[in-house]
Every structure is written in C-alpha cells, then in structure tokens.
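Trainee: I would like to go through this structure with you and ask how each label is earned. Could we start with the words we will be using?

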Amino acid sequence: MRVILNIIWLIFGGLWLALGYFAAGIICCILIITIPFGIASFRIGVYALWPFGKTVVERPTSGVASVIGNVIWLIVAGVWLAIGHIATAIAMAITIIGIPLAVANLKMIPISLMPLGKDIVDA
C-alpha cells in the first residue's frame, strides 16, 4: 500500500514539492553560512519525493543553534514551502483518493517550517 500511495503522491504533487525544496537548497548553498539550510532542504526534498513509510523525529542533540537556524529558515524559505504544501493539500483533497495524500501533505508542514534539529527515519 505504501508503494501505491508513494507513486500516486509522486505523480500528483511530490515531484512539484521536491523541486521547490531542491530550488531552496540550491539557493541556500550559494553562501557558505547557509549550507546547513541547503543540506536540510535537500534532505526534506528527498522525503517529499517518497514520504510514505518514513517519519520525522526530533534529534535529541540539537541545541540553541538549531532554534536560531529554524527562525532564519522560517523567514527565508519555510513560509513559502508551507504555502506550497497547503496549496497542494487543497488540490489533493478534492478527490476521495487524494484525501490521505492531503493529510500527509499537511503533516509535512511542521518540518517545512522548522527543519533543523529533526531526522527523517523509516517508520
């Protein structure tokens, strides 16, 4: 079932969302100081391609630097990526088959807003 949901996700929104994350990652990798944001963006972009069967957990070793980085990320790219998730979730929720995909899309909003200090692991 996960494979079927992931394939439908990829076709109807995952590729579009992943491209947004990859674009944000490329922009963030331009400056040396924002490379950690770029790496986090690439990591979430891969998660956005194939999300079913994976989950997000808090990294216990994250500290103050992650909080400061998340505030900067929220201002620079997080809001725009979250808006992309909301728009895609609304489009997916129009059909009955798309409702679980829309719910999964809404579950990805917290990591799009605050990606640092989190790990993506297999469920």
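Mentor: Happily. Contact here means heavy atoms within 4.5 Å. Bear in mind that this is a predicted model.

Trainee: With that in hand, which residues is Gly-69 in contact with, once its neighbours within four places in sequence are set aside?

Mentor: Gly-69 is in contact with Phe-37 and Leu-116. Gly-69 itself lies in helix H3.

Trainee: Why is Gly-69 called buried?

Mentor: Buried means under 20% relative accessible area. Gly-69 has 6%, so the label buried fits. As for spacing, Gly-69 and Ile-33 are 36 residues apart in sequence, and their C-alpha atoms are 11 Å apart in space.

Trainee: And Gly-14, is that residue buried or exposed?

Mentor: Its relative accessibility is 0%. The cut-off for buried is under 20%, so Gly-14 counts as buried. Gly-14 sits in helix H1 and is in contact with Trp-9, Ala-48 and Leu-49, leaving aside neighbours within four places in sequence. Gly-14 and Gly-84 are 70 residues apart along the sequence, with 11 Å between their C-alpha atoms.

Trainee: What makes a group of residues a nonpolar core?

Mentor: The members must be buried nonpolar residues of the listed types, joined through side-chain atoms within 4.5 Å. The largest such core here has 24 residues, and those with the most contacts inside it are Trp-9, Ala-48, Phe-52, Trp-73, Leu-81 and Leu-101. Helix H1 (2–28), helix H2 (35–49), H3 and helix H4 (99–107) each supply at least two of its residues. H1 gives the most, with seven residues.

Trainee: Which residues does Leu-101 touch, not counting those up to four places away in sequence?

Mentor: Leu-101 touches Leu-5, Ile-8, Trp-9, Phe-52 and Met-92.

Trainee: How do you know that Ile-111 is buried?

Mentor: Its relative accessible area is 3%, and buried means under 20%, so Ile-111 qualifies. Ile-111 is placed in helix H5 (residues 109–113). Beyond residues up to four places away in sequence, Ile-111 touches Ile-44, Val-56, Lys-118 and Ile-120.

Trainee: Then what about Val-76, buried or exposed?

Mentor: Exposed means over 50%. Val-76 comes out at 52%, so Val-76 counts as exposed. Val-76 lies in helix H3 (residues 64–92).

Trainee: What does Val-76 form together with Val-64, Val-67, Ile-68, Val-71, Ile-72 and Ile-75?

Mentor: Together these residues form a nonpolar patch on the surface, with about 670 Å² of accessible area.

Trainee: What makes Lys-118 and Glu-58 a salt bridge?

Mentor: The rule asks for a side-chain nitrogen of Lys or Arg within 4 Å of a carboxyl oxygen of Asp or Glu. The N to O distance for Lys-118 and Glu-58 is 3.5 Å, so the pair passes. Lys-118 is in strand S2 (residues 118–122) and Glu-58 in strand S1 (residues 54–58), and the pair links parts of the chain that are 60 residues apart. Lys-118 is buried at 13% relative accessible area, while Glu-58 counts as exposed at 56%.

Trainee: How many salt bridges does a search of the whole structure find?

Mentor: It finds two. Arg-59 and Asp-119 also meet in a salt bridge, at 2.8 Å from N to O. Arg-59 lies in the loop between S1 and H3 and Asp-119 in strand S2, so this pair ties together parts 60 residues apart in sequence.

Trainee: Why are Arg-59 and Asp-119 called partly exposed?

Mentor: Partly exposed lies between the 20% and 50% cut-offs. Arg-59 has 28% and Asp-119 has 27%, so the label partly exposed suits each.

Trainee: Lastly, which residues does the UniProt annotation "transmembrane region" cover?

Mentor: That unreviewed entry gives residues 7–24, 62–83 and 89–106. In the model, residues 62–83 are 91% helix and 0% strand, with the end C-alpha atoms 26 Å apart. Residues 89–106 are 67% helix and 0% strand, and there the end C-alpha atoms are 7 Å apart.

Key: Residues numbered from 1 in each chain as written. Predicted model: local features only at pLDDT ≥ 70, side-chain atom pairs only at ≥ 80, totals over all residues. Heavy atoms only, no water. Patch = residues over 30% accessible without salt bridge, like charges linked within 9 Å, V, L, I, M, F, W, Y side chains within 5 Å. Areas by Shrake-Rupley, 256 points an atom, 1.4 Å probe, with all protein chains shown as cover. Helix = DSSP H or I, 4+ residues; strand = E, 2+ residues; numbered from the N terminus. Buried < 20%, exposed > 50% of the residue type's maximum accessible area, 1.4 Å probe, protein only. UniProt positions renumbered as here; feature names shortened; annotations may be inferred.
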